[in-house]
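Work through these exercises with the sequence and the model side by side. Try each task before reading its solution.

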Amino acid sequence: MSHNHHDGCGHESHDHDHDHDHDQSDLGPQDNLFLHIDRDHVVALNTSAEGRDVIKPWHQRLDESKSLESDADDQMIIRIPFTGSVRLRSLLLKTGPLGQTPIKVALFANEPNLDFDDISHKGSTQEFEIAQGREIGEYATKTAKFSNLSSITLFFPGSQGDDTIQIYYVGFLGHWSQRNKNPVITVYEAQANLADHEKIQGTEGNFSSTQQ
């Protein structure tokens with residue numbers, strides 16, 4: 001699948017297929033979601049390091065002093081909660097090197113409790129093959145499938161040759177909004193009149209939109 005790479009300056013010479021604005025500060029792209037990740041509750045499975053170690057600010061995205069390396073084998077799960085509602089546009093990854101690069105990443109929207117026992121029974125929301133390289137890879141998501149995120153789970157199912165995989169940086173681009181914390185008020189009718197209720201569009205047929 002197509003994706004872009006960011007060089008060390010964050011303004012590569014390659015063409016972009018997205019329209020987010022860049023600024024010159026250490027925050028990076030204006031739609032960088034770093035500040036809206038609940039970093040204290042990021043969980044990484046099958047690694048001895050803390051999951052939050054790879055959730056880095058933009059100016060530290062190329063820093064390799066902290067990383068996640070898989071433990072028992074070459075698989076890893078990272079569960080990342082957000083502090084509000086997110087409309088996700090892109091996933092940013094720095095992985096590797098070489099054979100320690102994951103072969104692909106599977107994204108699961110709003111599945112905050114996935115582990116290795118049940119992830120094989122879940123259909124991913126979207127998947128990307130990961131190219132080898134020391135740059136930041138940008139993977140554009142199908143935004144409609146990630147339009148009301150409270151969390152995202154990343155599953156790396158294997159390496160490109162080595163016994164383990166290594167992740168240096170995970171970032172996201174998109175739009176954040178505060179969740180509506182107002183209580184839901186339910187109005188009960190003495191007798192429902194179908195003529196008073198409009199049909200909810202899109203409820204006919206199959207509800208599932210999961211793609212492999």
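A nonpolar core is a set of buried Ala, Val, Leu, Ile, Met, Phe, Trp, Tyr and Cys residues joined through side-chain atoms within 4.5 Å. Buried means under 20% relative accessible area, exposed means over 50%, and partly exposed lies in between (1.4 Å probe, protein chains only). This is a predicted model, in which local features need pLDDT of at least 70, side-chain atom pairs count only at pLDDT 80 or more, and totals for chains, interfaces and linings use all residues. Residues are numbered from 1 along each chain as its sequence is written, and side-chain values use heavy atoms, with hydrogens and water left out.

**Exercise 1. Map the main core.**

Task: Find which residues touch the most other members of the largest nonpolar core, and which strands supply it.

Solution.
- Step 1. The largest nonpolar core has 31 residues. Ile78, Ile80, Ile152, Leu154, Phe156, Val170 and Phe172 touch the most other members.
- Step 2. At least two core residues come from each of E4 (76-95), E5 (104-109), E8 (149-156) and E9 (166-177). Strands (E, at least two residues) and helices (H or I, at least four) are DSSP runs, numbered from the N terminus.
- Step 3. E4 gives the most, with eight residues.
- Step 4. Look for a separate core. A second one has six residues, including Ala106, Phe108, Leu114 and Ile119.
- Step 5. Place this in context. In soluble globular proteins, nonpolar side chains tend to be buried together.

**Exercise 2. List the neighbours of Phe172.**

Task: Which residues does Phe172 touch, not counting residues up to four places away in sequence?

Solution.
- Step 1. Set the cut-off. A contact means heavy atoms within 4.5 Å.
- Step 2. Read off the partners. Phe172 touches Asp31, Asn32, Leu33, Ile37, Ile80, Phe82, Leu88, Ser90, Leu91, Leu92 and Ile152.
- Step 3. Cross-check with the core. Ile80 and Ile152 are among the residues that touch the most other core members.

**Exercise 3. Place Thr141.**

Task: Is Thr141 buried or exposed? Where does Thr141 lie?

Solution.
- Step 1. Thr141 sits in the loop between E7 (136-140) and E8.
- Step 2. Thr141 counts as buried because its relative accessibility is 8%.
- Step 3. Leu88 is 53 residues away along the chain, and the two C-alpha atoms are separated by 7.0 Å.
- Step 4. The side chain of Thr141 reaches the backbone oxygen of Leu88 at 3.0 Å.
- Step 5. Beyond four places in sequence, the contacts of Thr141 include Leu88, Arg89, Ser90, Leu91 and Phe146.

**Exercise 4. Trace the salt bridges.**

Task: How many salt bridges does the structure hold? Locate three of them and sort their partners by exposure.

Solution.
- Step 1. Define the pair. A salt bridge is a side-chain nitrogen of Lys or Arg within 4 Å of a carboxyl oxygen of Asp or Glu. Side chains of opposite charge can pair when their charged atoms come close.
- Step 2. The structure holds six.
- Step 3. Asp40 and Arg52 meet at 2.3 Å, N to O. Asp40 is in the loop between E1 (4-6) and E2 (43-45), and Arg52 is in the loop between E2 and E3 (68-69). Asp40 is exposed at 60%, whereas Arg52 is partly exposed at 37%.
- Step 4. Lys94 and Glu64 meet at 3.1 Å, N to O. Lys94 lies in E4 and Glu64 in the loop between E2 and E3, so the bridge ties together parts 30 residues apart in sequence. Lys94 is buried at 1%. Glu64 is partly exposed at 36%.
- Step 5. Lys104 pairs with Glu127, with the closest N and O atoms 3.0 Å apart. Lys104 is in E5 and Glu127 in E6 (126-129), so parts 23 residues apart are tied together. Lys104 is partly exposed at 28%, and Glu127 is buried at 18%.
- Step 6. Check for shared partners. Glu64, Lys94 and Arg134 join into one network.

**Exercise 5. Judge the whole chain.**

Task: What are the chain's secondary structure and average pLDDT?

Solution.
- Step 1. The chain has zero helices and nine strands.
- Step 2. Buried residues make up 42% of the 212 residues.
- Step 3. pLDDT is the predictor's confidence in each residue, from 0 to 100. The chain averages 82, and 72% of the residues score at least 70.
- Step 4. Mark the weak stretches. pLDDT stays under 50 over residues 7-24. Over residues 188-212, pLDDT is also below 50.

Definitions and conventions
A polar contact is a pair of N or O atoms within 3.5 Å; within protein, one must be able to donate a hydrogen and the other to accept it, and residues adjacent in sequence count only if both atoms are side-chain atoms.
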